[in-house]
Amino acid sequence: MEITSEAMKRCELVTVSGRIDSSTAPDLENALLGLIQAGQKQIVVNLRDATFISSAGLKALLSALMKVRKSIPSGDVAISEIRPELKESFELVGFDRLFKFYDHDTQAVGSF
């Protein structure tokens with residue numbers, strides 16, 4: 001798994017590629033929580049190049065979402081460019097009601 005981060009005007013764009021599983025999910029969680037601890041409350045996670053996401057990967061995203069929503073002022077984590085087969089994983093566990101999904105990074109970044 002590879003994680004890159006790019007500071008945008010109103011949010012942080014995090015691009016994740018490869019498999020997000022039990023061995024790589026802690027790296028994703030640490031990257032997201034590091035951004036939050038640095039003061040970033042608006043995060044877009046691009047999953048275009050992610051090939052798999054396990055429950056550990058979903059937990060990492062949920063952990064970041066809960067952290068920014070509890071902050072003052074509250075923030076949000078949006079998902080962009082997700083593959084349909086990965087979105088099914090979010091839908092199976094009901095996360096499609098927690099996260100906002102966007103077809104393109106520009107839409108997701110513009111939502112903040």
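Select E81 in this predicted model: the residue sits in the loop between β4 and α3. Its backbone deserves inspection, for the phi of E81 is near 55°, a positive value in a residue other than glycine. Most residues other than glycine have a negative phi. With a relative accessibility of 18%, E81 counts as buried, because the limit for that class is under 20%. Keep E81 displayed and add R48 and D49; a network of salt bridges links R48, D49 and E81.

Move next to P73, in the loop between α2 and β4. The peptide bond between I72 and P73 is cis, with omega about -10°. Most peptide bonds are trans.

From there, select R69, which belongs to helix α2 (residues 55-70). To gauge the span of this helix, place a distance label between the C-alpha atoms of R69 and S55: they are 14 residues apart along the chain and separated by 21 Å. R69 is partly exposed, its relative accessible area being 38%. Show its surroundings as sticks; beyond residues up to four places away in sequence, R69 touches S74, G75, D76 and L98. Between the side chains of R69 and D76 there is a polar contact of 3.2 Å.

D76 leads to the next stop. Add K100, whose side chain forms a salt bridge with that of D76 (3.3 Å, N to O). This pair connects distant parts of the chain, with K100 in strand β5 (residues 100-102) and D76 in strand β4 (residues 76-80), 24 residues apart. Which partner is buried and which is partly exposed? D76 is buried, at 8% relative accessibility, whereas K100 is partly exposed, at 43%.

The salt bridges come to seven in total. Side chains of opposite charge can pair when their charged atoms come close. For another example, select E29 and K59, whose side chains meet in a salt bridge of 3.3 Å, N to O. This pair, too, links distant parts of the chain: E29 lies in helix α1 (residues 25-37) and K59 in helix α2, 30 residues apart. E29 counts as buried, at 17% relative accessibility, while K59 is partly exposed, with a relative accessible area of 49%.

Then select R83 and E85, joined through their side chains by a salt bridge of 3.8 Å, N to O. Here R83 is partly exposed at 30%, and E85 is likewise partly exposed at 44%.

Now hide the charged side chains and turn to the nonpolar interior. The largest nonpolar core holds 26 residues, of which V45, L47, L61 and F90 touch the most other members. At least two residues of this core come from each of β2 (12-20), α1, β3 (42-53), α2, β4 and α3 (84-92). Which element gives the most? Helix α2 does, with six residues.

Centre the view on L61. Apart from neighbours within four places in sequence, L61 is in contact with L28, L32, V45, I53, I79, F90 and F99. To finish, select L13, A78, A108 and V109, which are among the members of a second, separate core of seven residues.

Key: Residues are numbered from 1 along each chain as its sequence is written. This is a predicted model: local features need pLDDT of at least 70, side-chain atom pairs count only at pLDDT 80 or more; totals for chains, interfaces and linings use all residues. Side-chain values use heavy atoms; hydrogens and water are left out. Helices (H or I, at least four residues) and strands (E, at least two) are DSSP runs, numbered from the N terminus. Buried means under 20% relative accessible area, exposed over 50%, partly exposed in between (1.4 Å probe, protein chains only). Contact means heavy atoms within 4.5 Å. A polar contact is a pair of N or O atoms within 3.5 Å; within protein, one must be able to donate a hydrogen and the other to accept it, and residues adjacent in sequence count only if both atoms are side-chain atoms. A salt bridge is a side-chain nitrogen of Lys or Arg within 4 Å of a carboxyl oxygen of Asp or Glu. A nonpolar core is a set of buried Ala, Val, Leu, Ile, Met, Phe, Trp, Tyr and Cys residues joined through side-chain atoms within 4.5 Å.
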